[in-house]
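Welcome! Let's walk through this structure together, one question at a time.

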Amino acid sequence: MTRLILASQSPARTKLLTHAGIVHEVLVSDVDEDAVQARYGVTDPHDTALLLARAKAEAVASLPEAEGALVIGCDSVFEFDGEAHGKPYTAEVAKERMLRMSGSMGVLYTGHWLVDCRDTDSDSAPGSGATLGSVASAEVHFMEMSEAEIDAYIATEEPLQCAGSFTIDGYGGAFIRKVDGDPHTVVGLSISTLRGLLGQAKVGITELWGGGAVDPADVRAE
């Protein structure tokens, strides 16, 4: 079976893959995101998301454990009021951002980079040698949030490690009015974008299905 490695420590991304029935392993890169951005001088949110996704994927692809596998790296950047927002890390930064985001909207960019580490000379299942990427985006519209709600949300510490200081698949979902675009992009990995990249590497996404997807009985309409 074709191996897929997720070059990310994000529990939300691995949960997405698991719920989609996609068998994968996790290998975390030690990429210094600030150093990568400083080196290339990239400030555009779209390009930053792709640059960091590539850096993570290529770092993991260089490890011995990645031999014979496909590696997918992802990174998300939120654009609001013309500024690129990554993880806030501190409560002060998160609160300042969320007070401005209340009742407004921004665009979440998620970069994806795929590296094919399979042997290109294999007779059975030759690798493509591909190293390619794509960016998915979605508009995120926020409801009005009171200062008390923002303080309570920050107290959960959920937004501190999320691009843009929010997430849709946790407490933060209560404050998102709608998403225009692929909602998986907001979580941090677009399954349809991954399918497209795999296709370019001559791999069908169904080859990675191995069970574990959400039970249809749990999601069927009542």
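Q: How many salt bridges does the count come to?
A: This is a predicted model, so local features need pLDDT of at least 70 and side-chain atom pairs count only at pLDDT 80 or more, while totals for chains, interfaces and linings use all residues. Residues are numbered from 1 along each chain as its sequence is written, and side-chain values use heavy atoms, with hydrogens and water left out. A salt bridge here is a side-chain nitrogen of Lys or Arg within 4 Å of a carboxyl oxygen of Asp or Glu. By that rule, the count is twelve.

Q: Which residue forms a salt bridge with Arg54?
A: The closest N and O atoms of this pair are 2.8 Å apart. Both partners lie in helix α3 (residues 45–61), four residues apart, about one turn of the helix; helices (H or I, at least four residues) and strands (E, at least two) are DSSP runs, numbered from the N terminus. The partner of Arg54 is Glu58.

Q: Is Glu58 buried, partly exposed or exposed?
A: Buried means under 20% relative accessible area, exposed means over 50%, and partly exposed is in between (1.4 Å probe, protein chains only). Arg54 has a relative accessible area of 36%, so Arg54 is partly exposed. With a value of 35%, Glu58 is partly exposed.

Q: How many residues apart in sequence are the parts that Lys56 and Asp75 tie together?
A: Lys56 and Asp75 form a salt bridge, with their closest N and O atoms 2.7 Å apart. Lys56 lies in helix α3 and Asp75 in strand β3 (residues 69–80), so the pair ties together parts whose separation in sequence is 19 residues.

Q: Are Lys56 and Asp75 buried or exposed?
A: This is the pair whose salt bridge has its closest N and O atoms 2.7 Å apart. Lys56 and Asp75 are both buried.

Q: What is the N to O distance in the salt bridge of Lys178 and Asp180?
A: Lys178 is partly exposed, because its relative accessible area is 36%. Asp180 is partly exposed too, at 35%. Their side chains meet in a salt bridge with an N to O distance of 3.8 Å.

Q: Which residues do salt bridges that share partners join into one network?
A: Lys56 has already appeared with its partner Asp75. Through shared partners, salt bridges join these two with others into one network, whose members are Glu33, Lys56, Asp75 and Lys87.

Q: At what angle do helix α4 and helix α5 pack?
A: Helix α4 covers residues 91–101 and helix α5 covers residues 147–155, and their axes are 10 Å apart. Axes are lines fitted to C-alpha atoms, for helices over the stretch in contact, and angles run from 0 to 180 degrees between N-to-C directions. The packing angle of α4 and α5 is about 145°.

Q: How many nonpolar residues are in the contact of α4 with α5?
A: Contact means heavy atoms within 4.5 Å, and here Ala91, Ala94, Lys95, Met98 and Leu99 in α4 meet Glu147, Ile150, Asp151, Tyr153 and Ile154 in α5. Ala, Val, Leu, Ile, Met, Phe, Trp, Tyr, Cys and Pro count as nonpolar, Asp, Glu, Lys and Arg as charged, and the others, Gly among them, as polar. The contact has three charged residues and no polar ones, and its nonpolar residues number seven.

Q: Which residue in β3 does Arg3 stand opposite?
A: Strands pair if DSSP finds at least two bridges between them. Strand β1 (residues 3–6) and β3 run parallel and are joined by four bridges. Opposite Arg3 in β3 stands Ala69.

Q: Which residue in β2 does Leu6 stand opposite?
A: Two bridges join β1 to strand β2 (residues 25–26), and these strands run parallel. Opposite Leu6 in β2 stands Val26.

Q: How far apart in space are Ile168 and Val186, C-alpha to C-alpha?
A: Ile168 lies in the loop between α5 and β7 (176–181). Leaving aside neighbours within four places in sequence, Ile168 is in contact with Val186, among others. The two are 18 residues apart in sequence, and in space their separation is 6.8 Å.

Q: Is Ser165 buried or exposed?
A: Ser165 has its place in the loop between α5 and β7. Its phi is near 75°, a positive value in a residue other than glycine. Because its relative accessibility is 0%, Ser165 counts as buried.
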